[in-house]
Amino acid sequence: MSIYLPIAEMSVNIFVLFGMGAAVGFLSGMFGVGGGFLMTPLLIFYNIPPAVAVATEANQIVASSFSGALAHFRKGTVDVKLGVMLLIGGLIGSTLGVYIFSSLRSAGQLDLIISLLYVVFLGAIGTLMTIESLNAIRKSKNNDAPPKRKTGHDSWIHKLPFKVRFRKSKLYLSVIPILVLGMLVGILAAIMGVGGGFIMVPAMIYLLRVPTNVVIGTSLFQIIFVTSYTTIIQSATNQTVDVVLALILMVGGVIGAQFGAAAGHKLKGEQLRALLGLLVLGVCIRLGYDLVVTPTDLFNIIGSMDGGGH
Amino acid sequence: MKNLFSLLILSVSIIFANLSPAKAESLQMGISVDQVPVDSSFNGAEIVIFGSIETTEQAALFRGEYDVVIRVEGAPEDVIIRKKDRIGGIWINNEAESYESVPSFYAILSARPLNLISNSIELGPVSLGINNLGKNIPVEGQKTLIMNPGEFSDALRRLRIEQDLFSEIPGTLKQLSPSLFRATLSIPANVPIGEHKVTAFLFRNGEILNTNESSFKIEKVGFERWIYDLAHEQGLLYGIMAVLMAIFTGWAANAIFRKN
């Protein structure tokens, strides 16, 4: 059954999109990630204009992160104070990101930059994640004791001024790295159409040394606001949010996530991370391949009446 | 009223265009719809344009000396076409050309290939055919397709043909009787929204004798229209509504699946 998307201005198969939403939802439920970094490239492979894919994906992530954050609030695994600090940086970053997005789009380089950012970030994070989890699997086989979490006072990040106490995270930390991290993730979220959890979570664990039990909830908490803000700003400046597309993906996504979460309980943490690392690397290689291989058509055309809210 | 108006245009064009000294021939034309609605199930459409050749020269009519060509044109738009080059190992949009007043949709409906109907089709006061696009736009300083021939304008035509937005297919118009004709226009799902001009040209011996103009509209209707208008006119409100929809969906999912 085909459905006409009013903003993308194209006819698409509703079951294909619903299936894509459900499949990505399954993976995100299983791995505890937002899934934007998988969904946006998939939409672009499906010929949705990149500008529409990115902005609409931000809208979808609002739904999945809200659903996820509610569960974490119930368990009490959200550090609201830390989340708000990250959020302040995130809103600044998102504003910058939407502005960069508009200027790249008029310069005709948006698609390239989106692909490049994906290749760089997915490549780096996928590699780190795969290596780290393979090491963890090897260690657990040798029955070694897991390494102790570092106390969090030895790195340069923890020597910066303007320190604030975060009770829930048991941290006494400068606001500078928190704001900067929030801002960088905000910029990426706006340009790449992701929540940024796949960057935020490792950065919180390895750089800020936030305890793992509050990392996911706090990250989801701030993602709700950053992606909501991105959705509104993209709507107001670029008119590229397609609510019909977003709704199909949301419904598919939240259903898929439930089954994914159930499947995720059957696997060990390090096995999950290894699988996710390989998946991230797979998407990275696919996008990188498209940048390097000679395109089937060297020319591309943009009319002032083409879809995608010109 | 509409017919009166087109008659008026017709007579004005007869007087000023001075296409042919003897005006013994004319064209009548009708379109199956005035409006093509674009709703959630829109996946392209087909419309029928029919009409008749009216002439005092019945013998010539029965010998099949007349040809009808119908041109369908969407609103003109500015187009940027970019070419990728390999820079540092990756393919990057590099050179670009821009063109003004390129029709957003262009279809030629005819019984025979244009070059068989007239061999001077690009030289007359009207130019017909995808390869002659832009020839009849005399506006000073405009960069039209024909002025910059080369790989960019070729690629523009090729891409628009691949997207089904430009077409020129012989056989899309059928002569039902010596005087009656019927043409079928396929409208793709990616058709630009807006008014589309339909012009019929009557040919004899390669010369344009007369023309007739009409139009139809491609319009978003119902929910699609509401969404599109809201997004473009009230972007901020639209964004806030999109967020509320997402929050509700997230909450509903959480509520439903928690109970299970």
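This briefing describes the contact between two chains, the nonpolar core, and the domains and sheets of chain B. The model is predicted. Chain A contributes 46 residues to the contact between the chains, and chain B contributes 50 residues. Five bridges also join strand E5 of chain A to strand E5 of chain B. Chain B is divided into two domains, domain 1 (2–220) and domain 2 (221–260), and both give residues to the largest nonpolar core.

**Contact between chains A and B**

- The contact takes 46 residues from chain A and 50 residues from chain B.
- On the side of chain A that touches chain B, two or more residues come from each of the strands E1 (2–5), E2 (10–13) and E5 (299–303), and likewise from each of the helices H3 (50–75), H8 (212–237), H9 (243–264) and H10 (269–292).
- Helix H3 of chain A gives the largest share of this side, with nine residues.
- Sorted by class, the side of chain A that touches chain B holds 29 nonpolar, 16 polar and one charged residues.

**Strand pairing across the two chains**

- Strand E5 of chain A and strand E5 of chain B (residues 76–87) run antiparallel and are joined by five bridges.
- Within this pairing, A:Phe299 has B:Lys83 as its bridge partner in E5(B).
- A:Asn300 also belongs to strand E5 of chain A.
- A:Asn300 counts as partly exposed because it has 17 C-beta neighbours inside 10 Å, where 20 or more would make a residue buried and 12 or fewer would make it exposed.
- A distance of 9.9 Å separates the C-alpha atoms of A:Asn300 and A:Gly108, which are 192 residues apart along the chain.

**Largest nonpolar core**

- The largest nonpolar core has 151 residues, and the members that touch the most others are A:Leu5, A:Ala246, B:Val68, B:Val69, B:Ile70 and B:Leu202.
- Helix H8 of chain A supplies the largest share of this core, 12 residues.
- The core lies between domain 1 (2–220) and domain 2 (221–260) of chain B, because both domains give residues to it.
- Leaving aside residues up to four places away in sequence, B:Ile70 touches B:Ile49, B:Leu109, B:Leu173, B:Ala183, B:Val198 and B:Ala200.

**Domains of chain B**

- Domain 1 spans 2–220 and domain 2 spans 221–260.
- Six residues from domain 1 and six residues from domain 2 make up the contact between these domains of chain B.
- Strand E2 (35–38) and strand E12 (207–220) of chain B each provide at least two residues of the side of domain 1 that touches domain 2.
- That side of domain 1 consists, by class, of two nonpolar, one polar and three charged residues.

**Four-stranded sheet of chain B**

- Four strands of chain B form an open, antiparallel sheet in the order E1-E3-E10-E9.
- Strand E1 (25–31) and strand E9 are the edge strands, each pairing on one side only.
- From one strand to the next, the twist averages 20 degrees.
- Seven bridges link E1(B) and E3(B) in the antiparallel sense, and B:Gly30 stands opposite B:Phe50 in E3(B).
- Strand E3 (residues 45–55) runs antiparallel to E10(B) and is joined to it by eight bridges; B:Ser52 has B:Leu180 as its bridge partner in E10(B).
- Strand E9 (residues 173–175) is joined to E10(B) by three bridges, also antiparallel, with B:Lys174 opposite B:Arg182.
- E9(B) and E10(B) form a hairpin that has four residues between the strands.
- In a regular strand, side chains alternate between the two faces of the sheet.
- In strand E10 (residues 180–187) of chain B, the covered face carries B:Phe181, B:Ala183, B:Leu185 and B:Ile187, while the uncovered face carries B:Leu180, B:Arg182, B:Thr184 and B:Ser186.

**Six-stranded sheet of chain B**

- An open sheet of six strands follows the order E2-E12-E11-E4-E7-E8 in chain B, and its pairing is mixed.
- Its edge strands are E2 and strand E8 (166–170), each of which pairs on one side only.
- With direction ignored, neighbouring strands of this sheet are turned by 20 degrees against each other on average.
- E2(B) and E12(B) are paired in the parallel sense over four bridges, and B:Val38 has B:Lys220 as its bridge partner in E12(B).

Notes
Residues numbered from 1 in each chain as written. Chains lettered and ligands numbered in written order. Predicted model: local features only at pLDDT ≥ 70, side-chain atom pairs only at ≥ 80, totals over all residues. Contact = placed C-beta atoms within 7 Å. Nonpolar A, V, L, I, M, F, W, Y, C, P; charged D, E, K, R; others polar. Pairing = 2+ DSSP bridges. Core = buried A, V, L, I, M, F, W, Y, C linked by C-beta atoms within 7 Å. Domains from an automatic or database assignment. Axes fitted to C-alpha atoms, helices over the stretch in contact; angles between N-to-C directions.
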